[in-house]
Amino acid sequence: MNLTLVGTVLIAEDSPSELELMSHYLQESGYNVIKSSGAKEALEKALLQKPDVIITDVVMPGMSGFELCRALKKNPITQKIPIVICSSKNLEIDRLWAMKQGADVYMTKPYTREQLLRAIKSVVF
């Protein structure tokens, strides 16, 4: 018997194809998914729906994933929600900056289904 704790994951991703792929992987693995096509929308949804994990891209119009991290960590309602950054930015400075902004895990694109699930499982207790 496969015992998976069902959790809710909020995804902030401005690329529709990337958002669909991530959603598919997570839903297939039993997670509830909340989709948002940008960081501002993700921030609003996080405050209302309090997901178990937030996955965010870095480069998005309006508000970056780094800005989203800072806003989430400053708010008492969302400050304890783990954040996984999933970005095509692959420099060590990006990783360091992400952690300084409050991210718990930094993944780079492209990723496999297993890498995505492992990143989520590493932050959900």
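# Exercises on a predicted response regulatory domain model

D57 touches A12, E13, D14, G65, C86, S87 and K109, when residues up to four places away in sequence are not counted. The exercises below start from this residue and work outwards through a model that is predicted.

## Exercise 1: The surroundings of D57

Work out where D57 is found, whether D57 is buried or exposed, and what UniProt lists for this residue.

Solution. Begin with the position along the chain: D57 is found in the loop between strand 3 and helix 3. Next, compare its accessibility with the cut-off, which is under 20% for a buried residue; because D57 has a relative accessibility of 6%, it counts as buried. Then turn to the record, where an unreviewed UniProt entry lists D57 for "modified residue: 4-aspartylphosphate". The record also places the feature "domain: Response regulatory", again from an unreviewed entry, at residues 8–124. In the model, that span is 47% helix and 20% strand, and its end C-alpha atoms lie 10 Å apart.

## Exercise 2: The order of the sheet

Determine in what order the strands of the sheet are arranged, and which strands are at the edges.

Solution. The open sheet is formed by five strands in the order 2-1-3-4-5, and their pairing is parallel. The edge strands are strand 2 and strand 5 (105–108), each of which pairs on one side only. From one strand to the next, the twist averages 20°. To look at one pairing in detail, take strand 1 and strand 3, which run parallel and are joined by four bridges; here I11 stands opposite I55 in strand 3. Two helices can then be placed against these strands. Helix 2 lies across strand 1, strand 2 and strand 3, and runs at about 145° to strand 2. Helix 4 (residues 92–101) packs on the sheet by touching strand 4 (83–87) and strand 5, and its direction makes about 145° with that of strand 5.

## Exercise 3: The two sides of helix 2

Explain why the buried residues of helix 2 are on the same side, and find what they pack against.

Solution. First list the residues: in helix 2 (residues 39–49), A39, A42, L43 and A46 are buried. These residues cover an arc of only 100° around the axis, and therefore they are on the same side of helix 2. On the other side of this helix, K40, E44 and L48 are exposed. The buried residues of helix 2 pack against strand 1 (8–12), strand 2 (32–36), strand 3 (53–56) and helix 3 (65–74).

## Exercise 4: Helix 3 and the residue before it

Describe which residues of helix 3 are buried, and which atoms come within 3.3 Å at the start of this helix.

Solution. The buried residues in helix 3 include G65, F66, L68, C69 and L72. Because their arc around the axis is only 155°, they are on the same side of helix 3. They pack against strand 1, helix 2, strand 3, strand 4 and helix 4. Now consider S64, whose place is in the loop between strand 3 and helix 3. S64 counts as buried, because its relative accessibility is 17%. At the start of helix 3, a side-chain oxygen of S64 reaches to within 3.3 Å of the backbone nitrogen of F66. Leaving aside its neighbours within four places in sequence, S64 is in contact with A39 and V58.

## Exercise 5: Two backbone details in loops

Identify what is particular about the phi of K50 and about the peptide bond that joins K109 and P110.

Solution. A general rule helps here: most residues other than glycine have a negative phi, and most peptide bonds are trans. K50, which is in the loop between helix 2 and strand 3, has a positive phi of about 40° although it is not a glycine. The bond that joins K109 and P110 is a cis peptide bond, with omega about -5°, and P110 is in the loop between strand 5 and helix 5. K109 also appeared at the beginning, among the residues that D57 touches.

Notes:
Residues are numbered from 1 along each chain as its sequence is written. This is a predicted model: local features need pLDDT of at least 70, side-chain atom pairs count only at pLDDT 80 or more; totals for chains, interfaces and linings use all residues. Side-chain values use heavy atoms; hydrogens and water are left out. Buried means under 20% relative accessible area, exposed over 50%, partly exposed in between (1.4 Å probe, protein chains only). The arc is that of the directions from the helix axis to the C-beta atoms. Contact means heavy atoms within 4.5 Å. UniProt positions are given in the numbering used here, feature names are shortened, and annotations may be inferred rather than shown by experiment. Two strands pair if DSSP finds at least two bridges between them. Axes are lines fitted to C-alpha atoms, for helices over the stretch in contact, and angles run from 0 to 180 degrees between N-to-C directions. A polar contact is a pair of N or O atoms within 3.5 Å; within protein, one must be able to donate a hydrogen and the other to accept it, and residues adjacent in sequence count only if both atoms are side-chain atoms.
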